[in-house]
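The following exercises concern burial, helix packing and the contact between chains. Each task is followed by a worked solution.

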Number of protein chains: 2
Amino acid sequence: MNDDEAAPPSSAPDRVPAFDPERFRVEGRAVVDWIADYWSAVERRPVLSSVAPGWVRSHLPSRAPEAPEPLADVLADADRVILPGLTHWQHPAFFGWFPASTCGPSILGELLAAGLGVQGMLWATSPACTELETLVLDWLRDLLGLPVRFASTGAGGGVIQDSASSGLLCALVAARERATDLRSNATGVDQDARPLVVYASVDAHSSVEKAAGIAGIGRQWLRRIPGAGGGMDPAALARAMDEDAGAGRRPCFVVATVGTTASGAVDPVPAIAAVAARHAAWLHVDAAWAGAAALCPEFRGPLLAGAEAADSWGFNPHKWLLVNFDCHALWVADRTALVRALSTKPDYLRNAASDAGGVIDYSDWQVPLGRRFRALKLWMTLRMLGAEALRARIRDHVTWAGEFAAMLRGDPRFELLAEPSLSLVCFALRSGDETSRDLLDRVNATGAACLSHARVAGRFALRLAIGGPLTERRHVEQVWRTLAALAGSA
Amino acid sequence: MNDDEAAPPSSAPDRVPAFDPERFRVEGRAVVDWIADYWSAVERRPVLSSVAPGWVRSHLPSRAPEAPEPLADVLADADRVILPGLTHWQHPAFFGWFPASTCGPSILGELLAAGLGVQGMLWATSPACTELETLVLDWLRDLLGLPVRFASTGAGGGVIQDSASSGLLCALVAARERATDLRSNATGVDQDARPLVVYASVDAHSSVEKAAGIAGIGRQWLRRIPGAGGGMDPAALARAMDEDAGAGRRPCFVVATVGTTASGAVDPVPAIAAVAARHAAWLHVDAAWAGAAALCPEFRGPLLAGAEAADSWGFNPHKWLLVNFDCHALWVADRTALVRALSTKPDYLRNAASDAGGVIDYSDWQVPLGRRFRALKLWMTLRMLGAEALRARIRDHVTWAGEFAAMLRGDPRFELLAEPSLSLVCFALRSGDETSRDLLDRVNATGAACLSHARVAGRFALRLAIGGPLTERRHVEQVWRTLAALAGSA
């Protein structure tokens with residue numbers, strides 16, 4: 001933005017226009033092309049960054065510039081300093097953690113949302129921002145085959161949150177309020193006298209513990225229920241809840257995990273739901289990663305079993321459904337439970353539409369007040385790819401994971417630590433944790449692939465999670481060849 | 001994305017590529033142009049949407065498509081259904097609530113972040129995502145003149161959160177833990193026996209109440225301290241804190257507001273800090289909107305007074321600094337207090353860099369685990385506009401607010417309900433609340449401007465908040481003419 005650009009009417013030379021449409025066309029095109037070039041060549045980059053702590057910072061100025069700098073300088077720094085400092089989550093050989101997959105239409109959805117710059121805290125502050133979100137989450141509920149109780153056309157509805165952690169925190173606060181007749185919101189939690197208790201499997205996500213801490217329940221009142229056959233043991237859950245209730249404590253929130261982070265194990269939700277129901281506890285289903293596979297009817301059974309008894313159900317389109325982070329989809333069966341726990345309506349936010357009821361003010365469904373127009377990226381992904389292409393991709397990934405597991409089974413040096421769960425394979429070297437850990441370090445050091453690790457069945461597991469937008473069968477075959485070569489005589 | 005596009009190697013006809021670089025160039029350019037056209041013409045649109053509840057939804061299909069649809073259809077629907085359903089926050093005559101201002105470079109920063117699609121939960125998962133954020137918040141600390149205790153080069157540091165509400169919740173949880181030696185995180189809050197107490201002025205933001213509810217402290221343990229001369233009365237705060245401490249309760253968190261939502265009033269932070277210090281309570285400064293003005297040395301005095309005694313200090317670049325929502329900047333003086341309260345490190349997230357210390361894992365500074373590369377939009381805004389242009393814009397807005405107030409003062413039908421605070425003017429008709437409310441409805445119904453309202457000094461106030469990226473002096477003059485005409489003989 002140089003001074004020789006056309007200046008706005010009221011301006012002195014230092015009045016740089018915040019938005020100059022003609023300049024935006026040129027610069028926008030340059031960034032679009034830069035991104036297209038990045039994706040075209042990302043496969044040739046090392047997946048994991050190898051910079052040392054402080055490297056990125058030390059290569060950038062220590063103070064902000066007083067005068068405008070051109071986009072070309074920014075993009076040059078992005079090439080020179082930012083790219084070497086990235087772990088490339090969209091690389092076709094990124095198999096670590098879970099994918100944070102994205103796609104062209106979703107990137108354009110983010111661009112559109114940023115370009116419109118609306119803030120949808122209330123229905124009234126941009127009705128389309130709210131109504132498109134409600135609609136698209138109804139679309140998605142239908143695509144996944146989720147129970148109709150989660151539809152906004154009844155008592156339920158969906159909302160986009162930034163992450164499964166935030167969604168779970170909101171569900172926990174709603175549960176806490178339901179268990180205390182809204183007293184804990186008003187007068188606070190009293191964990192000494194009659195503590196509220198939260199239950200999740202030993203393999204549940206760390207966000208359950210974090211939420212218990214934030215919500216004032218305390219991490220020690222999260223009971224970690226052991227597993228049996230890969231998922232939470234409902235009999236152990238029943239014993240824990242009965243014992244708590246018998247001792248005057250208040251079981252209030254049960255998290256069933258559909259696809260654990262470590263190994264993709266699925267809790268037996270119907271049996272868990274039955275136990276939770278006996279104690280009138282809120283049942284939250286965390287399907288953050290695996291939920292996307294419910295798009296395919298053939299995978300749906302174990303993923304959705306028991307969902308009709310859940311009070312809330314969440315998954316991340318930003319993991320395996322090609323929608324840019326951040327996009328967590330949370331559905332609740334009773335939206336008033338969420339609103340009662342989280343609503344604030346100061347005078348300056350009151351408006352005729354809210355007062356009349358019948359509109360959703362999503363600020364009452366989340367921790368923050370303000371919100372971006374995140375529905376656009378989900379809408380554009382669903383429309384521009386179409387449901388059938390999304391299903392086809394998931395099927396491919398599950399097939400390739402099965403093929404990878406078959407290759408492992410055929411090599412006596414390796415063993416599976418769990419049956420593959422959808423597109424996730426957890427495995428190890430038979431020679432022990434140390435060689436497995438060493439193998440992980442060496443495969444990641446090649447730069448040709450990124451895998452992550454977890455504890456599975458007490459062992460150090462290498463984790464291969466397939467789901468990237470550019471990943472093809474050949475990339476899975478290649479990472480197997482690399483692993484087999486590096487394993488040596490282990 | 002039609003089937004006649006080049007197919008990827010392993011594909012059947014339904015294998016739509018998630019990202020086709022050449023297609024992305026074409027479609028990206030189309031969206032960039034659509035946004036440029038939108039900004040070129042936004043002034044001719046009604047600022048506030050006038051659609052009825054349900055209108056947007058009823059004009060879109062009730063189910064997701066099975067087959068891909070072209071971008072052109074999406075953009076046609078955006079024109080036909082989305083735009084009429086928007087309140088145009090970037091419209092030059094948008095003067096409601098506070099601005100959610102943005103600019104070309106920030107929009108491109110969002111695009112770049114979406115295009116890279118990295119997830120920075122840990123330093124290791126993309127070092128540049130973390131290091132650029134830390135650096136840019138150090139830049140911003142320096143630009144604002146914030147105390148050096150908030151610099152990451154010492155014991156403090158900054159983090160980008162989605163909103164001031166989330167930042168405040170994190171600060172409250174850290175304060176709660178500090179007050180209880182981490183016991184409330186571990187064993188829960190016990191508000192019956194020795195309650196923790198939170199203090200904020202009667203005009204503090206609704207997020208304080210929301211956070212007190214979420215954190216298990218309870219909304220009733222938020223003491224709303226009355227004001228004196230526009231800000232919180234430190235003597236009243238001292239009485240409340242002394243009384244609580246004397247009764248065995250635990251004062252733990254004080255929020256000082258620098259620029260209230262209703263009228264932009266500034267609490268006397270130094271006096272509040274002295275009271276908070278006597279009780280070893282955490283002092284959080286909420287400068288969500290007004291903080292941006294600290295860029296200009298001449299406005300800095302009252303905004304930063306007492307900041308050197310704050311434990312945390314936050315403001316929103318997404319309000320008045322042209323950075324797209326979401327971008328809340330939160331600084332803490334002691335980053336370990338935040339990390340201790342919010343950290344979880346399950347086995348699958350452990351890595352050599354984190355274990356060695358010396359890197360920041362921002363997931364330990366926030367509620368969510370995952371995070372976007374939001375530093376890019378802040379970096380690009382600061383670099384491509386430059387600090388001097390950002391200051392010039394803020395100075396313009398403050399000048400125009402003063403001019404608007406002068407016009408009001410010259411018209412006997414109107415009165416100011418508070419002295420203008422920076423670029424915010426609160427006013428009313430002398431004839432009373434009813435005519436004031438009616439005037440607001442009528443000016444907003446013209447579509448030519450958007451103002452909002454608040455209670456100020458017990459009266460219904462019209463609020464004019466200047467800060468939009470396209471707003472010029474002529475738009476402020478025009479809204480005054482409209483108001484004067486509509487006020488009639490009121």
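A residue is counted as exposed if 12 or fewer other C-beta atoms lie within 10 Å of its own, and as buried if there are 20 or more. The model used throughout is a predicted one.

**Exercise 1.** Determine which residues of helix α3 (residues 71–82) of chain B are buried, and where they lie around the helix axis.

*Solution.* Begin with the buried set, which consists of Leu71(B), Val74(B), Ala78(B) and Ile82(B). Viewed down the axis of α3(B), these buried residues occupy an arc of 60°, so they line one face of the helix. Next, turn to the other side of α3(B), where Ala72(B), Ala76(B) and Arg80(B) are exposed. Finally, identify the packing partners: the buried residues of α3(B) pack against α5 (127–144) and α15 (375–385) of chain A, together with α1 (21–41) of chain B.

**Exercise 2.** Describe how helix α9 (residues 234–246) and helix α10 (residues 269–278) of chain A pack.

*Solution.* The axes of these two helices are 9 Å apart and form an angle of about 10°. Angles under 35 degrees count as roughly parallel, and α9(A) and α10(A) are therefore roughly parallel to each other. Their crossing is right-handed. On the α9(A) side, the contact involves Pro234(A), Leu237(A), Ala238(A) and Met241(A); these meet Ala271(A), Ile272(A) and Val275(A) in α10(A). Sorted by class, the contact of α9(A) with α10(A) has seven nonpolar residues, no polar and no charged.

**Exercise 3.** Give the geometry and the residue classes of the contact between helix α4 (residues 104–116) of chain A and α15(A).

*Solution.* The angle between α4(A) and α15(A) is about 145°, and their axes are 7 Å apart. The crossing of α4(A) and α15(A) is right-handed. Residues of α4(A) in the contact include Leu108(A), Gly109(A) and Leu112(A), while those of α15(A) include Trp379(A), Met380(A) and Met384(A). The contact of α4(A) with α15(A) has nine nonpolar, three polar and two charged residues.

**Exercise 4.** How many residues of chain A are in contact with chain B, and which helix of chain A supplies the largest share?

*Solution.* Count each side first: 140 residues of chain A are in contact with 140 residues of chain B. On the chain A side, the largest share, 15 residues, comes from helix α1 (residues 21–41) of chain A. By class, the chain A side divides into 74 nonpolar, 37 polar and 29 charged residues.

**Exercise 5.** Locate Lys345(A) and classify its exposure.

*Solution.* Lys345(A) lies in the loop between α13 (335–342) and α14 (352–356) of chain A. With 15 other C-beta atoms within 10 Å, Lys345(A) is partly exposed.

Technical notes: Residues numbered from 1 in each chain as written. Chains lettered and ligands numbered in written order. Predicted model: local features only at pLDDT ≥ 70, side-chain atom pairs only at ≥ 80, totals over all residues. Helix = DSSP H or I, 4+ residues; strand = E, 2+ residues; numbered from the N terminus. Axes fitted to C-alpha atoms, helices over the stretch in contact; angles between N-to-C directions. Parallel < 35°, antiparallel > 145°, perpendicular 65-115°, else oblique. Left-handed = near helix turned anticlockwise from the far one by under 90°. Contact = placed C-beta atoms within 7 Å. Nonpolar A, V, L, I, M, F, W, Y, C, P; charged D, E, K, R; others polar. Arc of directions from axis to C-beta.
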